[in-house]
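Reader: I am new to this structure and should be grateful for a close look at a single part of it. Please explain which residues are hidden from the surface, what they touch, and how the surrounding elements are arranged.

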Amino acid sequence: MKIGFIGTGVMGTGIVTNLLKHHEDVTVYNRTKAHAQPVLYQGAQWADSPASLAQDNDIVMTMVGFPKDVKEVYYGEQGIFQTAHAGQYLVDMTTSSPALDQKISQTAEKIGVHALDTPVSGGDIGAKNGQLTVMVGGKQTDLTALQPVFAEFSKSVHYFGPAGAGQNAKMANQITIAGTMTGMTEALVYAKAAGLDLGQVIATLQGGAAENFSMGSYGPRILKGDYTPGFFAKHFLKDLRIALDTADEMQLNLPATKQAKELYEALVDQQGLGNDGTQALIKLWWK
């Protein structure tokens, strides 16, 4: 099947690269064409709009920044639903609002289109190495049909239920990451103040009960002063806001996640560091 992919950022580029490595026929669209050049050089084709991309592909995957971008890509004047056709598969990989992906699924069903919400976890390294974890909402039969495609860029695929369920699973993931990112940051701040060797601290913690992805992936980057985004701080803040808004709808109070959101608001909104990676949270303590 021919695949269209919208959104060639850090994660999207890794996914498209793996699809191309498996000899898939891939066409891409991105708001800034220059950001698509790495995959165009590798053999991807270019579409001038989401609508033109959707017209000619069997599977359309989207991975953009914010829910407003998802809405524009699907429902805009040059959006996917302008040309989507029966039998097609729409796969939203953006970490987005569960309610929005439920709406996309309802719109798709009316015209005979299959829709899945499939946010991923694993960061830039997981995308590059084809080792992402995929969380799926939608019809299980649609997932079964696309399983071979997911296998080309992921290590595991987990089905959670109807439309929006994949997004809710990703929110649970982000709530967990919020805790590990703040925990890692404060651990390093504490260890530095105590005069400990930070490299040894990371190695020791990763060998015991405190082991976690944030420490293993981002701790070494912090020690090198590397704040390039494996995942943008501004996108993580977006995720935390979605998680807390959805929690409010379920009448849940998540105080630790609220605190993490406030810290990332200080980093992104007050210090203007949204284009740094999530590990830049430590800049609230270290200059």
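Author: A residue is called buried when its relative accessible area is under 20%, exposed when that area is over 50%, and partly exposed in between. The model discussed here is predicted. F81 illustrates the first class: its relative accessible area is 15%, so F81 is buried. Y75 has a relative accessible area of 26%, and therefore counts as partly exposed. With this vocabulary, the part chosen for a close look is the stretch that begins with helix α8.

The UniProt record, in an unreviewed entry, lists residues 164-284 under "domain: 3-hydroxyisobutyrate dehydrogenase-like NAD-binding". This span is 68% helix and 0% strand, and the C-alpha atoms at its two ends lie 34 Å apart. Helix α8 comprises residues 165-193.

Two residues of this helix merit individual attention. The first is K170, which belongs to α8 and which the unreviewed UniProt entry annotates as "active site". With a relative accessibility of 3%, K170 is buried. Apart from neighbours within four places in sequence, K170 is in contact with T95, P119, V120 and M135. With T95 there is also a polar contact, in which the two side chains approach to 2.6 Å.

The second is A178, also in helix α8. A178 has a relative accessible area of 2%, and is therefore buried. Once residues up to four places away in sequence are set aside, A178 touches F236, L240 and A260. A178 and A260 are 82 residues apart along the chain, yet their C-alpha atoms are separated by 6.0 Å.

F236, one of the residues touched by A178, leads to the next feature. A pair of aromatic rings is described by the distance of the centres and the angle of the planes. For F236 and Y264, the centres lie 5.1 Å apart and the planes stand at 80°, so this pair is edge-to-face. The pair joins distant parts of the chain, since F236 lies in helix α11 (residues 233-249) and Y264 in helix α12 (residues 255-270), 28 residues apart. Both partners are hidden: F236 is buried at 1% relative accessibility, and Y264 is buried at 0%.

Helix α8 also has a part in the packing of helix α10, which covers residues 213-223. The buried residues of α10 are S214, M215, Y218, G219, R221 and I222. These residues cover an arc of only 165° around the axis, so they fall on the same side of α10. That buried set packs against α6 (123-129), α8 and α9 (198-206). At the start of α10, a side-chain oxygen of N212 comes to within 3.0 Å of the backbone nitrogen of S214. After α10 comes G225, whose phi is positive, near 70°.

Two lysines of this part are placed against aromatic rings. K283 lies over the face of Y227, at 4.5 Å from the ring centre. The charged end of K234 is found over the ring of F232, 5.3 Å from the centre of that ring.

The loop between α11 and α12 contains Q251. Most residues other than glycine have a negative phi. Q251 is not a glycine, but its phi is positive, near 60°. Its relative accessible area is 75%, so Q251 is exposed. H23, outside the domain span, offers a parallel: this residue is not a glycine either, and its phi is positive at about 65°. H23 lies in the loop between α1 (10-21) and β2 (26-29), and, with a relative accessible area of 73%, is exposed.

The aromatic pairs may be set in context. The structure holds seven of them. In the pair of Y75 and F81, the ring centres are 5.1 Å apart and the planes meet at 45°, so the pair is tilted. Y75 and F81 join Y74 in one aromatic cluster.

To return to the part chosen: within helix α8, K170 is buried and makes a side-chain polar contact with T95, whereas A178, likewise buried, touches F236, L240 and A260.

Terms used: Residues numbered from 1 in each chain as written. Heavy atoms only, no water. Helix = DSSP H or I, 4+ residues; strand = E, 2+ residues; numbered from the N terminus. Buried < 20%, exposed > 50% of the residue type's maximum accessible area, 1.4 Å probe, protein only. Contact = heavy atoms within 4.5 Å. Phe/Tyr/Trp six-rings, centres within 6.5 Å; stacked < 30°, edge-to-face > 60°. Lys NZ or Arg CZ within 6 Å of the ring centre and 35° of its normal. Arc of directions from axis to C-beta. Polar contact = N/O pair within 3.5 Å; in protein donor to acceptor, adjacent residues only side chain to side chain. UniProt positions renumbered as here; feature names shortened; annotations may be inferred.
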